[in-house]
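Reader: I'd like to go through this one slowly, starting with how you sort residues by their contact with the outside. Could you put the structure up and begin there?

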Amino acid sequence: MPFNSPQWIARSLIASLNIKKQIYYAHRIPQDIPVIVISNHRSFLDAALLISSVPYELRIACHHYMGQTPGLKEFVNLLGCFPLAAPGQKQKHFFATAENLLASRQWVGLFPEGTKPMVEKTNPREIGKFQRGFAHLAYKMPVDNLVILPVAIASLSETISPTFPIRWLTNFDASEPLFHRDGMHPMVMYHRVNLLFGRPYSINRDKKQQYQGKQAKQLVNSLTNYCQTQIAELLKEGC
């Protein structure tokens with residue numbers, strides 16, 4: 001592993017914070033095939049946990065404001081994450097970036113719950129509603145035999161601390177409705193955490209050809225529900 005690579009930095013961060021991490025069902029991790037990793041998301045440590053736990057270079061998409069906010073910008077750059085473009089160009093930017101990464105044999109990671117579980121206190125066993133955009137993008141991706149890998153991050157012991165006013169983030173992304181509220185941004189610090197890999201979901205050429213008309217909506221709903229159900233079940237097991 002190269003010195004100062006995102007994976008090296010992620011593992012060093014987890015070790016320096018003395019986070020006890022246990023991995024389950026690693027045999028489900030695909031080999032030698034393009035992969036999009038889908039996970040739940042409550043902590044700024046989630047990206048580092050995922051990056052440190054897979055054998056391939058994993059590039060995780062993060063909210064636009066993270067690429068604009070001092071401190072956060074440097075943190076996500078070190079981990080090799082890529083902030084999404086401003087609203088209006090977000091999907092186009094993600095699609096182009098993800099296509100290039102997958103073509104170069106790098107993996108792509110996404111948090112379909114969006115921003116809400118990051119700015120609101122949530123129960124480790126709970127999972128928010130998944131946005132379906134990731135499923136549309138997966139079917140549109142010009143990559144044959146793409147695999148979607150659901151992963152549950154299950155916290156066993158953690159500390160939640162207030163950090164800064166949530167409204168402060170409107171300085172970096174005023175378009176996000178969740179930032180226009182009172183209260184402090186909670187920071188979830190894991191002490192003991194389990195990572196559980198779900199069963200991969202394959203999207204082959206035949207399935208891509210079915211992605212049209214009413215059938216496209218059914219395929220997207222099926223993939224979204226599959227990932228959310230897999231992660232919800234793994235969370236119950238892991239917590």
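Author: Buried here means under 20% relative accessible area, exposed means over 50%, and partly exposed is what lies in between. By that rule Asp144 counts as partly exposed, because its relative accessibility is 38%. Please keep in mind throughout that this is a predicted model.

Reader: Fine. Which residue forms a salt bridge with Asp144, and how far apart are the closest N and O atoms?

Author: The partner is Arg205, and the closest N and O atoms of the two residues are 2.6 Å apart. This pair links distant parts of the chain, since Arg205 sits in helix α7 (residues 205-209) while Asp144 belongs to the loop between α6 and β6, 61 residues apart. Arg205 is exposed, with a relative accessible area of 52%.

Reader: How many salt bridges does the count come to?

Author: The count comes to five salt bridges. Among them is the one between Glu158 and Arg42, where the closest N and O atoms are 2.8 Å apart. Glu158 lies in strand β6 (residues 146-165) and Arg42 in the loop between β2 and α2 (46-51), so this salt bridge ties together parts that are 116 residues apart in sequence.

Reader: And is Arg42 buried or exposed?

Author: Arg42 is buried, at a relative accessible area of 6%, whereas Glu158 counts as partly exposed at 23% relative accessibility. Glu158 also has a polar contact, at 2.7 Å, between its side chain and that of Ser155. Ser155 is placed in strand β6, and Ser155 is buried, with a relative accessible area of 6%.

Reader: What about Asp182, which side chain does it meet in a salt bridge?

Author: The side chain of Asp182 meets that of Arg167, at 3.0 Å from N to O. Both residues lie in the loop between β6 and β7, so the pair ties together parts that are 15 residues apart in sequence. Asp182 counts as exposed at 65% relative accessibility, and Arg167 as partly exposed at 40%.

Reader: Now a different sort of arginine: what is the nearest side chain of opposite charge to Arg28?

Author: That side chain is Glu237, but it is 6.5 Å away, and Arg28 is buried yet has no salt bridge. A salt bridge needs a side-chain nitrogen of Lys or Arg within 4 Å of a carboxyl oxygen of Asp or Glu. Arg28, which is found in the loop between β1 (20-24) and β2 (35-39), does have a polar atom of its side chain 2.9 Å from the backbone oxygen of Phe197.

Reader: Which backbone oxygen does the side chain of Arg11 reach?

Author: The side chain of Arg11 reaches the backbone oxygen of Ser52, at 3.2 Å. Arg11 is placed in helix α1 (residues 6-16) and counts as partly exposed, at 38% relative accessibility. Arg11 and Ile51, although 40 residues apart in sequence, have C-alpha atoms 8.1 Å apart in space.

Reader: Let's turn to empty space. What volume does the largest pocket have, and what lines it?

Author: The largest pocket has a volume of about 770 Å³. Its lining comprises 39 residues, of which Cys62, His63, Leu84, Phe111 and Gly114 lie nearest the centre. By class, the lining of the largest pocket divides into 24 nonpolar, ten polar and five charged residues. At least two lining residues come from each of β3 (58-62), α3 (72-78), α4 (90-103), α5 and α6 (133-140).

Reader: And how many cavities of 30 Å³ or more does the structure hold?

Author: The structure holds one cavity of 30 Å³ or more, and about 40 Å³ of space lies in the largest cavity. Its lining consists of Arg42, Pro117, Met118, Glu120, Lys121, Thr122, Ile160, Pro186 and Val188, which divide by class into five nonpolar, one polar and three charged residues. Both α5 (116-119) and β7 (184-197) supply at least two residues each to the lining of the largest cavity.

Reader: So where have I met Arg42 before?

Author: Arg42 is the residue that forms a salt bridge with Glu158, and Arg42 is also one of the residues lining the largest cavity.

Technical notes: Residues numbered from 1 in each chain as written. Predicted model: local features only at pLDDT ≥ 70, side-chain atom pairs only at ≥ 80, totals over all residues. Heavy atoms only, no water. 1 Å grid on protein atoms, 1.4 Å probe; cavity = no way out; pocket = protein on both sides within 12 Å on 5 of 7 lines; lining within 4 Å. Points joined across faces, edges and corners; volume = space filled by probe spheres on them. Helix = DSSP H or I, 4+ residues; strand = E, 2+ residues; numbered from the N terminus. Nonpolar A, V, L, I, M, F, W, Y, C, P; charged D, E, K, R; others polar. Buried < 20%, exposed > 50% of the residue type's maximum accessible area, 1.4 Å probe, protein only. Lys, Arg positive; Asp, Glu negative; His and termini not counted. Polar contact = N/O pair within 3.5 Å; in protein donor to acceptor, adjacent residues only side chain to side chain.
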